Protein chains: 2
Amino acid sequence: MHQDYIQPNEWSIIEEGFDPHRVKSSESLFSIGNGAMGQRANFEETYTGETFQGSYIAGVYYPDKTRVGWWKNGYPEYFAKVLNAPNWIGIDVKINGEVLDLHTSEVIHFRRELNMKEGWYKRNFTARLANGVDVKVEAIRMLSLQYDEVGAIRYSIMPVNTSADIQMTPYIDAGITNEDSNWDDTFWEVLETNTTMNSGSITTKTMKTDFHVCTGMYSTCTLGAEEKQCTASEQINRDNYIGLTYGLTVDQGKTCTVEKYAGYTVSLNHQKSAVTEASKKALFEASQLGFDQLIKTQAETWASIWNMADITITGDVKAQQGIRFNIFQLNQTYSGKDTRLNIGPKGFTGEKYGGSTYWDTEAYCLPFYMVTKNPEVARNLLTYRYHQLDKAIANAKKLGFTNGAALYPMVTMNGEECHNEWEITFEEIHRNGAMIFAIYNYVRYTGDYSYIPEKGLEVMIAVARFWHQRATFSEEKNKYVILGVTGPNEYENNINNNYYTNYLAKWCIEYCIEQIHKVKASYLTAYTRIWDTTKLTEEECIAWQKVASAMYFPYSEKYQVYLQQDGFLDKELTKVSELPDDQLPINQHWSWDRILRSPYIKQADVLQGIYMFEDRFTQKEIEKHFDFYEPLTVHESSLSPCVHSIIASKLDRIAEAYTFYVRTSRLDLDDYNKEVEEGCHITSMAGTWMSIVEGFAGMRITNDTLSFTPRIPEQWGEYSFKVNFRERILKISVVPDGVTIVLEKGQALAIQINGVLQTIEKSEVNYV
Amino acid sequence: MHQDYIQPNEWSIIEEGFDPHRVKSSESLFSIGNGAMGQRANFEETYTGETFQGSYIAGVYYPDKTRVGWWKNGYPEYFAKVLNAPNWIGIDVKINGEVLDLHTSEVIHFRRELNMKEGWYKRNFTARLANGVDVKVEAIRMLSLQYDEVGAIRYSIMPVNTSADIQMTPYIDAGITNEDSNWDDTFWEVLETNTTMNSGSITTKTMKTDFHVCTGMYSTCTLGAEEKQCTASEQINRDNYIGLTYGLTVDQGKTCTVEKYAGYTVSLNHQKSAVTEASKKALFEASQLGFDQLIKTQAETWASIWNMADITITGDVKAQQGIRFNIFQLNQTYSGKDTRLNIGPKGFTGEKYGGSTYWDTEAYCLPFYMVTKNPEVARNLLTYRYHQLDKAIANAKKLGFTNGAALYPMVTMNGEECHNEWEITFEEIHRNGAMIFAIYNYVRYTGDYSYIPEKGLEVMIAVARFWHQRATFSEEKNKYVILGVTGPNEYENNINNNYYTNYLAKWCIEYCIEQIHKVKASYLTAYTRIWDTTKLTEEECIAWQKVASAMYFPYSEKYQVYLQQDGFLDKELTKVSELPDDQLPINQHWSWDRILRSPYIKQADVLQGIYMFEDRFTQKEIEKHFDFYEPLTVHESSLSPCVHSIIASKLDRIAEAYTFYVRTSRLDLDDYNKEVEEGCHITSMAGTWMSIVEGFAGMRITNDTLSFTPRIPEQWGEYSFKVNFRERILKISVVPDGVTIVLEKGQALAIQINGVLQTIEKSEVNYV
């Protein structure tokens with residue numbers, strides 16, 4: 001744990017007291033988002049201390065030029081960068097002519113709260129300016145889930161010890177830059193600026209990608225309890241900055257308030273020529289509803305989300321806060337409405353990883369959305385990849401594959417590969433398997449088979465073709481091998497016969513062939529269409545099957561485990577626990593070659609496969625693998641502890657599972673990896689959810705039957721959550737000596753509890 | 001072969017006719033250098049067509065910031081870049097007010113010649129300007145070997161069809177940039193500019209590295225056969241440009257001539273404050289000698305170089321031209337006078353590879369200098385690394401090695417690592433072995449053992465320490481393994497147990513221990529000093545020996561060959577000859593992952609080891625390895641064909657050896673790799689020399705005895721060369737049915753010819 005300043009609270013993230021060293025961390029942790037846009041918790045007023053400014057728009061990116069020292073054929077031409085968008089939260093404040101700035105003021109009191117229950121962010125502080133004036137400020141901000149082009153701020157100032165001339169200038173600033181800017185490119189071009197008495201906007205477009213964005217604002221200013229309306233005394237309209245200045249003389253103890261309605265309208269959703277008008281309309285309507293109504297609607301929307309997605313834990317406030325923070329962030333990041341959008345590893349909380357889509361979505365995030373939302377949301381995530389199939393085929397072709405083989409990108413914004421480390425871009429090909437596993441997982445859970453004939457099978461065929469071509473027949477081994485890959489454990493590069501990759505390759509082919517037969521048998525129209533468009537042949541399927549049937553898997557008789565890759569046992573198998581503390585994390589202390597030749601595992605690799613295909617391994621086998629690999633795992637990826645937690649639960653090692661759980665659920669709040677300043681780890685938050693639902697509660701689907709094997713950490717009184725399973729809503733509550741399941745919606749169904757088949761009716765049923 | 005425009009000629013490189021598409025290629029091929037500086041064959045007068053401007057100063061570099069997408073611990077902070085230095089060759093010419101520019105003129109006649117025998121470069125052309133004036137130009141240029149801060153140009157113009165006003169402005173331009181500039185950094189800062197009636201200079205310093213350089217010129221202008229002196233009518237002195245303008249009215253058929261003496265004085269050789277004065281002095285002295293005298297001295301210096309280094313070939317003009325071009329370039333690049341300098345892969349002919357030092361020097365270049373020069377030259381090359389031992393130790397420490405272990409850099413300018421691909425920087429560690437092999441090779445050939453107690457042993461100990469620490473004990477194999485390396489074949493990365501690397505590691509340790517004993521026995525003072533400074537212990541040597549004795553080597557019983565690395569036989573071993581032509585070179589057609597998992601070998605790897613340690617293998621073993629690896633080798637490194645040529649000679653496959661020889665000797669002249677525009681492949685030129693001396697002539701040292709096994713390609717009448725062996729100069733002439741050896745200098749010695757021991761006296765001896 002690297003920090004411990006967040007107040008334990010079941011429903012809110014709270015910081016008390018002002019510490020400039022925590023500003024960037026809190027900017028990440030108090031981020032807000034609504035699926036369409038999001039922003040770091042930067043201050044509205046001027047702040048000249050260290051800060052990381054960020055406001056982001058879903059789906060808007062810039063193709064930053066890829067430059068590497070030593071170009072390799074097949075590298076992408078560009079790297080998709082999430083752009084810091086024009087700042088609309090800004091309100092410049094002057095008190096008796098002096099700029100309000102917490103960096104130069106004495107901060108007498110400071111508190112901020114991210115209210116996760118209702119979806120707003122509030123900051124209260126009292127500051128003493130150099131000119132001796134004390135002001136008390138309250139700023140509340142929200143991004144509407146209901147009206148996703150709209151955000152609102154209520155910013156109130158009270159002079160505490162004197163009356164004061166207060167000048168407030170809500171503004172929009174399009175002269176922003178990216179923290180991670182590699183080159184001196186500019187990203188935004190200003191097309192138009194407007195101001196009126198109470199509103200203003202800046203219309204911009206992104207260079208190269210030509211996204212048009214209008215950043216608009218509508219403001220009001222009132223004075224005192226009687227809410228006397230004030231009008232702006234000045235309209236500022238510069239190149240890339242517009243603002244409205246309100247000047248007031250405020251009596252001691254009186255409050256003046258600016259309400260600012262602002263947000264983005266984007267050419268993804270409007271004609272380019274219409275974004276400015278759309279902005280005006282959206283903001284005017286928001287102002288008519290008013291701030292209180294927006295907050296009320298927001299709370300209602302969140303209530304309905306929490307009703308389904310919440311996990312309650314009693315007896316462990318930090319665990320409760322942790323899981324809610326994770327669920328809250330996932331919902332802020334992705335709403336599931338738009339198949340063009342996806343889930344970047346940092347969501348709207350930072351720039352890192354380019355805001356792009358990784359295999360994290362399929363391998364980690366899908367279950368959360370699948371279980372806590374309507375099935376369309378998960379289906380939209382699958383459809384995102386279906387729409388990008390052509391680009392995945394083009395990508396594979398660029399690398400020398402033929403005949404419609406597809407390689408999905410490691411990192412993407414629009415389907416094109418955007419990563420440029422050869423060992424990842426070209427070699428971390430297991431990602432292709434996650435695409436198919438997600439389809440399988442979706443169908444298994446939702447029972448919605450229609451996705452396969454409609455969309456999924458084409459993806460499967462293209463991926464099967466890839467695996468078939470990517471495998472090599474080894475005369476030496478008389479088996480098919482897959483050479484030169486990087487597995488989930490990125491602390492190994494260019495290895496041969498990564499067990500996880502080989503396993504997925506074989507499975508993808510076999511699952512595809514099975515689905516071809518099934519679609520042929522039951523969905524003849526779809527089958528004919530797919531047969532035509534993919535130009536599939538019987539011979540091709542036979543050739544695939546040959547590869548799948550004779551796939552090679554490295555295995556150690558001595559340890560009775562599958563080996564992560566060929567030659568793994570040549571390493572010195574010293575446990576992580578035997579490393580000196582000052583060597584950890586190894587990625588901060590060791591050179592890359594040393595990491596590579598060490599046995600240390602960044603994130604679950606063989607165990608990732610065992611997690612995904614658990615039903616194909618005996619408990620004994622799972623245990624052997626866990627005991628072999630866990631001691632070598634350094635968990636230097638945020639995606640690692642959750643998988644280990646789930647397997648530890650499966651092995652009934654609840655204390656160990658709990659340790660992993662805490663590490664994953666409070667990763668950002670407690671800043672385990674010393675990097676929360678850069679943003680939060682959004683995709684791994686879904687892993688936290690899995691640690692409870694699939695881990696402690698042991699939720700599985702076996703032969704179309706939902707089953708639970710509920711366990712509970714000794715630190716917890718009880719925990720409960722809901723699942724949306726095939727048109728039923730079930731609430732599962734686990735207590736130390738049993739489980740209660742309530743069928744809240746839908747028809748009765750049979751489920752397995754601790755291996756025993758039970759029928760759940762509408763009424764409450766208790767199982768001990 | 002990609003081009004065929006260079007005229008076959010035994011002593012000159014000649015281009016006839018003007019083709020703008022050949023300009024950049026010829027700029028590389030006609031480059032001149034004198035060890036201290038060098039320049040591409042850019043035109044003196046304005047040229048607005050496509051060109052690659054380059055003028056370089058040995059040892060002057062800029063530490064360009066290393067930036068990569070994904071930083072790895074241990075990467076160097078900077079990449080040493082050879083700098084394009086201020087241009088001193090420029091002479092702007094106007095004819096009746098119109099700029100002379102071959103890009104805009106009609107070129108009626110054009111010829112250039114690089115005279116390798118005498119060391120000068122001449123260009124003749126007749127151009128018709130847009131204004132109708134035809135001018136005939138002759139420009140001769142040289143960089144003095146004798147006075148290595150001085151170059152000279154004689155530039156003559158004759159108006160052919162009319163009299164004309166001719167204005168000539170010899171100038172210096174410090175406003176130059178690098179072609180390969182990654183960033184917008186500027187590299188040079190101008191400190192001072194001067195002009196007088198007949199001279200001028202610009203004194204600059206490099207940013208960051210603070211090298212001070214004065215670029216000076218001294219010019220004269222004469223008219224007509226009577227050589228009437230003219231004076232400059234204007235002195236131009238701008239920020240980073242100085243020039244002297246001569247304006248003349250020249251009668252039809254008369255010639256006006258500018259002679260320009262110019263060059264660099266550098267703070268490597270002078271006090272910083274004295275470079276300007278030193279420049280003035282050097283150039284004034286050169287002007288007093290005069291152009292003709294400089295040319296005469298140059299021819300004499302080259303005559304003495306050629307006397308020793310020449311290889312004559314009869315019956316094959318292209319082969320003769322090729323080998324002389326290689327020998328000429330090697331001598332232009334490195335004179336052997338200065339232990340701070342070394343041999344960049346492109347010499348002074350381009351910017352690529354940063355002008356830095358690679359293992360090419362030790363593995364490929366050393367023999368050429370060792371055999372054709374006095375021993376000090378080769379010793380200076382070894383000393384270069386000895387002086388950098390501290391930095392090699394610091395480099396290893398940065399990567400986690402301890403106790404004075406050294407890892408020499410892959411690329412360096414001053415001993416610090418300057419390369420930033422992890423698979424090379426951290427993993428291509430076999431380079432460390434080449435450092436030791438070079439010492440062994442030097443001592444073996446020159447008989448100068450003193451280098452080892454004086455300098456070499458410290459290097460050996462540091463390298464032995466590295467290998468000891470870099471090896472891992474594999475319980476699985478019960479052997480020491482070396483994991484995660486890149487061998488000489490860079491088409492494999494992060495492999496385990498590269499045969500070549502493991503072999504060198506074992507050899508380095510054993511050779512080191514042997515030398516420790518020898519130095520202990522015979523050089524006690526040195527031994528005591530080394531024992532003290534290195535803090536070596538007996539136990540340490542025992543630990544090293546343990547690793548060396550139990551080193552693992554991958555071997556195939558089936559093929560009876562050592563394998564390039566673990567798992568090599570899992571590949572599909574399709575021969576290069578079975579690849580479609582349009583797939584070659586694979587590095588231009590295949591993605592990196594495809595190259596990596598293919599069996600194709602960029603340059604000799606296992607065979608490199610067999611070449612170096614040939615005496616430890618039977619003829620049968622050599623043949624087996626050659627027949628296994630040669631068909632898989634794509635020779636996409638310029639360093640590859642020479643080694644294959646030597647081994648083919650050893651196997652008496654002379655026709656095959658000849659094919660490799662031609663490819664290597666005319667690599668640049670015929671532009672086999674389609675990249676000569678970027679510069680010539682200087683270091684591989686030494687490989688060409690080896691292909692003849694060690695290949696066809698089969699020169700070896702066995703038990704202190706020089707031996708030859710002379711063979712001759714059927715295309716050749718005869719060939720001969722000299723060697724400087726332990727204070728004897730021998731001339732070896734090979735004819736189809738025998739060999740003649742003349743002892744030109746030194747005492748009689750016993751040598752082996754075709755395995756038969758003979759005594760060579762002063763007189764000529766013939767062996768058939």
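**Exercise 1. Find the loop that holds A:Lys208 and describe its backbone.**

Step 1: Go to chain A and look between β15 (199-206) and β16 (212-223); A:Lys208 lies in the loop there. Strands here are DSSP runs of E with at least two residues, helices are runs of H or I with at least four residues, and both are numbered from the N terminus.

Step 2: Check the phi angle. A:Lys208 is not a glycine, yet its phi is positive, about 70 degrees. Most residues other than glycine have a negative phi, and most peptide bonds are trans.

A quick word on what you're looking at: this is a predicted model, where local features need pLDDT of at least 70, side-chain atom pairs count only at pLDDT 80 or more, and totals for chains, interfaces and linings use all residues. Residues are numbered from 1 along each chain as its sequence is written, chains are lettered from A and ligands numbered from 1 in the order in which they are written, and side-chain values use heavy atoms, with hydrogens and water left out.

**Exercise 2. Work out whether the peptide bond from A:Leu584 to A:Pro585 is cis or trans, then check chain B.**

Step 1: In chain A, omega for this bond is near -10 degrees, which is cis. A:Pro585 sits in the loop between β25 (561-562) and α14 (586-589).

Step 2: Now chain B. The bond from B:Leu584 to B:Pro585 is cis too, with omega near -10 degrees, and B:Pro585 is in the loop between β25 (561-562) and α14 of chain B.

**Exercise 3. Say which parts of chain A are joined by the salt bridge of A:Asp4 and A:Lys318.**

Step 1: Recall the rule: a side-chain nitrogen of Lys or Arg must be within 4 Å of a carboxyl oxygen of Asp or Glu. A:Asp4 and A:Lys318 pass, at 3.2 Å from N to O.

Step 2: Place the partners. A:Asp4 belongs to the segment before β1 (12-16), and A:Lys318 to helix α4 (residues 317-333). They're 314 residues apart, so to speak distant parts of the chain get linked.

Step 3: Put that in context: the rule gives 93 salt bridges over all chains.

**Exercise 4. Describe how chain B and chain A meet.**

Step 1: Count residues in contact (heavy atoms within 4.5 Å). Chain B gives 50 and chain A gives 48.

Step 2: Look at the buried area, meaning the accessible area (1.4 Å probe) that two parts lose on being put together, summed over both. For these chains that's about 4100 Å², with 49% of it on carbon and sulfur atoms. On the chain B side, B:Trp70, B:Asp570 and B:Arg597 supply 19% of the area buried against chain A, more than any other three residues.

Step 3: Look for salt bridges. Six cross the interface; one of these pairs is A:Glu423 with B:Lys72, at 3.7 Å from N to O.

**Exercise 5. Explain how the two copies are related.**

Step 1: Superpose by least squares on the C-alpha atoms of residues with pLDDT of at least 70 in both. A turn of 180 degrees and a shift of 0.0 Å along the axis lays chain B on chain A with an RMSD of 0.1 Å.

Step 2: The copies are therefore related as by a two-fold rotation axis.

Step 3: Compare the surfaces. Of the interface residues of chain B, 96% are also interface residues in chain A, so the copies meet through the same surface.
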